[in-house]
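Work through the exercises below with the sequence and the model open side by side. Each task is followed by a solution in steps.

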Amino acid sequence: KVGENIQVRRFEIVESDQTIASYLHGARIGVLVESSVDTEITRDIAMHVAAVNPQFVDEAAVPAEFVEKEKGILIAQAQDSGKPAEIIEKMIQGRLNKFLAEVTLKGQPFVKDPDQTVGQLVSKAGGSVSRFIRYEVGEGIEKKVEDFAAEVAAQLDS
């Protein structure tokens, strides 16, 4: 008996013919990675996911609306610069590629060797990463936002 209010809010069942490795960072972050490379490299990738927290495996997994939203932000920033349209288009494409590298696992510099990306590491090992799951304690819990002034006013009215 723990004596704590514990609520399981999400979970996933993982079944695979590929290598699955896990990594726990203390008691706060847990990661599972499914890949076709050996267990040691897969565990290193799980450690990378715990440290850097990528949102997607690769560019193909990024939803189109996510890319369009970011592209809209970049267009607004570039138009404020006052540069010609053809230069703005190149700026936007370059910044979008950089953004996609930052949010995708395969585009990020590997934590243990920043001279290569995770994608390059996996390619050298002759495999691929299928997916990853990252859970963090307290992640996604919405905190109730209270307006103290409105609360006091409501109590005075009643």
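## Exercise 1: Helix α1

The residues I41, T42, D44, I45, A46, H48, V49 and A50 of α1 are buried. The model is a predicted one.

Task: State which elements the buried residues of α1 pack against, and compare the reach of α1 with the expected value.

Solution.
1. The packing partners of these buried residues are β1, β2 (29–35), α4 (118–124) and β3 (129–136).
2. Helix α1 is made of 14 residues.
3. From its first C-alpha to its last, α1 reaches 20 Å, close to the 20 Å expected at 1.5 Å a residue.

## Exercise 2: H48

Task: Decide whether H48 is buried or exposed, and list what H48 touches beyond residues up to four places away in sequence.

Solution.
1. Locate H48 in helix α1.
2. The relative accessible area of H48 is 0%. Buried means under 20%, so H48 is buried.
3. Leaving out residues up to four places away in sequence, H48 touches N53, L105, Q108, P109, F110, V111 and V118.
4. As a distance check, take N5: H48 and N5 are 43 residues apart in sequence, and their C-alpha atoms are 31 Å apart in space.

## Exercise 3: L24

Task: Classify L24 as buried or exposed, and find its contacts outside the neighbours within four places in sequence.

Solution.
1. L24 belongs to strand β1.
2. Its relative accessible area is 64%. The cut-off for exposed is over 50%, so L24 is exposed.
3. With neighbours within four places in sequence left aside, L24 is in contact with I29 and G30.
4. V118 is 94 residues from L24 in sequence, and the two are 19 Å apart in space, C-alpha to C-alpha.

## Exercise 4: Aromatic rings

Task: Find how many aromatic pairs the whole structure holds, and describe the pair formed by F56 and F66.

Solution.
1. Searching the whole structure gives two aromatic pairs.
2. F56 and F66 form one aromatic pair, with 5.3 Å from centre to centre and 65° between the planes. Planes over 60 degrees apart count as edge-to-face, and the F56 and F66 pair is edge-to-face.
3. This pair links distant parts of the chain: F56 is in the loop between α1 (39–52) and α2 (64–79), while F66 is in helix α2, 10 residues apart.
4. F56 has 16% relative accessibility and so counts as buried. F66 has 26% and so counts as partly exposed.
5. Add F99 to the picture: F56, F66 and F99 form one aromatic cluster.

## Exercise 5: Salt bridges

Task: Find how many salt bridges the whole structure holds, then work through the bridges of R131, K106 and R134.

Solution.
1. A search of the whole structure gives four salt bridges.
2. One of them joins the side chains of R131 and E34, at 2.5 Å from N to O. R131 lies in strand β3 and E34 in strand β2, so the bridge ties together parts that are 97 residues apart in sequence.
3. R131 counts as partly exposed at 29% relative accessibility, whereas E34 is buried at 11%.
4. K106 forms a salt bridge with D58, and the closest N and O atoms are 3.8 Å apart. This pair also links distant parts of the chain: K106 is in the loop between α3 (85–103) and α4, and D58 is in the loop between α1 and α2, 48 residues apart.
5. K106 is partly exposed at 25% relative accessibility, and D58 is partly exposed at 24%.
6. The side chains of R134 and E136 meet in a salt bridge of 3.1 Å, N to O. R134 counts as buried at 11% relative accessibility, and E136 as partly exposed at 29%.

## Exercise 6: A surface patch

Task: Name the residues that make the nonpolar surface patch of about 390 Å², and say where I13 is found.

Solution.
1. The patch is made by V8, F11 and I13.
2. I13 is found in the segment before β1 (19–25).
3. I13 has a relative accessible area of 65%. This value is over 50%, so I13 is exposed.

Methods
Residues are numbered from 1 along each chain as its sequence is written. This is a predicted model: local features need pLDDT of at least 70, side-chain atom pairs count only at pLDDT 80 or more; totals for chains, interfaces and linings use all residues. Side-chain values use heavy atoms; hydrogens and water are left out. Rings of Phe, Tyr and Trp (its six-membered ring) pair if their centres lie within 6.5 Å; planes under 30 degrees apart count as stacked, over 60 as edge-to-face and the rest as tilted. Helices (H or I, at least four residues) and strands (E, at least two) are DSSP runs, numbered from the N terminus. Buried means under 20% relative accessible area, exposed over 50%, partly exposed in between (1.4 Å probe, protein chains only). Patches are made of residues with over 30% relative accessible area and no salt bridge: like charges are joined within 9 Å, nonpolar side chains (Val, Leu, Ile, Met, Phe, Trp, Tyr) within 5 Å. Accessible areas come from the Shrake-Rupley method with a 1.4 Å probe; for residues, only the protein chains shown count as cover. The expected span of a helix is 1.5 Å times one less than its number of residues. Contact means heavy atoms within 4.5 Å.
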